[in-house]
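Here are a few friendly notes to keep beside you as you look through the model. They go point by point, so feel free to jump around.

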Amino acid sequence: MTRIAFIGGGNMARSLIGGLLKTGISASAMTVAEPRAEARQELGRDFGVACFAESRLAAAEAQVLVLAVKPQIMPALQGELRDTLQRNRPMLISIAAGVRVDQLERWFGGLLPIVRCMPNTPALIGAGATGLYANARVSPPQRAQAQHILDAVGLTQWINDEALMDTVTAVSGSGPAYFFAVVEALEDAAVAQGMPRETARALAAQTCLGAGRMLTESGEDPGELRRRVTSPNGTTQAALESFAADGLPRIVSRAVAAATQRGVDMAAALDNAS
Ligand SMILES: NC(=O)C1=CN([C@@H]2O[C@H](COP(=O)(O)OP(=O)(O)OC[C@H]3O[C@@H](n4cnc5c(N)ncnc54)[C@H](O)[C@@H]3O)[C@@H](O)[C@H]2O)C=CC1
Ligand SMILES: O=C(O)[C@@H]1CCC=N1
């Protein structure tokens, strides 16, 4: 039985643990390191996993360590985990935004198999999207193991060029927030025209779900799906022309560039701090 230790028991770790339990992995195969006593209690109560305040205790028997702390905390884990990593040589799976494989190798040891991945919050409901990148030390069975862990919470895509992991973060990692922001704006626009907020929210949210399902279930190109909604000189065309006049593609591409750059900058700040 592969033993998996989660270092950090926050939102993303909870979604992965919940997903893995649903795939049939036993709670006894998982441990969690989490400094907050209340969070440890909740993890034990909700999932039946053993929780520890100290990382080295949670990691002691694990073949896989999922590093699920905030990027800024990552360098501090090296002291807590050094002995365990030297003894067991587990595979590390980092889900931290921005943090590069060469940084993880510097902090935790260059000989370790390391997978850098970027999930997103829909993982909480099993509808996540994750990009994964592996260093050369990850064996084919370990690659399959890493994929199995992330498959438990949604779709996975391997990325061969690590530089594109910051793009993954900017597209699917942060992406749910973009759609929430569009739904908020749609809702506000409807309210401004006199619609009750509850009705506006229900219509906007269900439209987001319906469009997402058509995209993922029909196999059709998004452009084709858009054209099918757009009657010549109809209402959709009026809205899309307004989007085009306001430069929607440029707005989106600038936002994605800003998010990508922030990931790069976050990693650079860790270089300077560690
Ligand atoms: N929230 C999001 O949309 C996404 C977040 N991520 C990444 O996932 C990571 C975790 O994010 P969340 O789960 O949202 O954060 P979170 O704040 O919910 O969880 C982090 C947990 O780590 C714990 N922690 C702090 N110091 C620790 C230590 N020394 N040892 C063990 N645990 C420690 C904290 O108490 C907290 O419970 C971050 O690196 C983030 O970049 C990745 C994809 C999406
Ligand atoms: O905003 C962030 O930095 C994290 C990474 C992706 C989603 N949330």
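1. Confidence comes first, since this is a predicted model. The average pLDDT of the protein is 96, and 100% of the residues reach at least 70. As for the scores of the model as a whole, ipTM is 0.97 and pTM is 0.94.

2. Next, the annotated N-terminal part. An unreviewed UniProt entry places "domain: Pyrroline-5-carboxylate reductase catalytic N-terminal" on residues 3-98. In the model, this stretch is 42% helix and 20% strand. The C-alpha atoms at its two ends are separated by 26 Å.

3. The other annotation to look at is "domain: Pyrroline-5-carboxylate reductase dimerisation", which the unreviewed UniProt entry assigns to residues 162-264. Here the model has 83% helix and 0% strand. Its end C-alpha atoms lie 12 Å apart.

4. Now to ligand 1, which has 28 residues around it. Which of them come nearest? They are Gly8, Gly10, Met12, Ala96 and Ala97. If you are browsing by element, start with helix H1, residues 11-22: this helix gives the most to the shell, with 3 residues. By character, the shell of ligand 1 splits into 17 nonpolar, 8 polar and 3 charged residues.

5. Ligand 2 has a short list of neighbours: Ala97, Thr169, Gly173 and Ser174. Of the residues in this shell, 1 is nonpolar, 3 are polar and none is charged. Do notice Ala97, which is listed around ligand 2 and is also among the residues that come nearest to ligand 1.

6. On helix packing, please look at H8 (residues 175-192) and H9 (residues 197-218). Their axes come within 9 Å and cross at roughly 140°. It would be easy to call this pair antiparallel by eye, but that label needs an angle over 145 degrees; H8 is therefore oblique to H9. What is the hand of the crossing where H8 passes H9? The crossing is right-handed.

7. A second helix pair deserves a look too: H7 (residues 165-173) and H12 (residues 248-273). The two pack with their axes 8 Å apart, at an angle of about 130°. Because of that angle, H7 counts as oblique to H12. H7 and H12 also make a right-handed crossing. While you have H7 on screen, recall that Thr169 and Gly173 are among the residues around ligand 2.

Definitions and conventions. Residues are numbered from 1 along each chain as its sequence is written. Chains are lettered from A and ligands numbered from 1 in the order in which they are written. This is a predicted model: local features need pLDDT of at least 70, side-chain atom pairs count only at pLDDT 80 or more; totals for chains, interfaces and linings use all residues. UniProt positions are given in the numbering used here, feature names are shortened, and annotations may be inferred rather than shown by experiment. Helices (H or I, at least four residues) and strands (E, at least two) are DSSP runs, numbered from the N terminus. pLDDT is the predictor's confidence in each residue, from 0 to 100. A residue is near a molecule or strand if its C-beta atom, placed from the backbone, lies within 6 Å of it. Ala, Val, Leu, Ile, Met, Phe, Trp, Tyr, Cys and Pro count as nonpolar, Asp, Glu, Lys and Arg as charged, and the others, Gly among them, as polar. Axes are lines fitted to C-alpha atoms, for helices over the stretch in contact, and angles run from 0 to 180 degrees between N-to-C directions. Angles under 35 degrees count as roughly parallel, over 145 as roughly antiparallel, 65 to 115 as roughly perpendicular and the rest as oblique. A crossing is left-handed if the near helix is turned anticlockwise from the far one by less than a right angle, and right-handed if clockwise.
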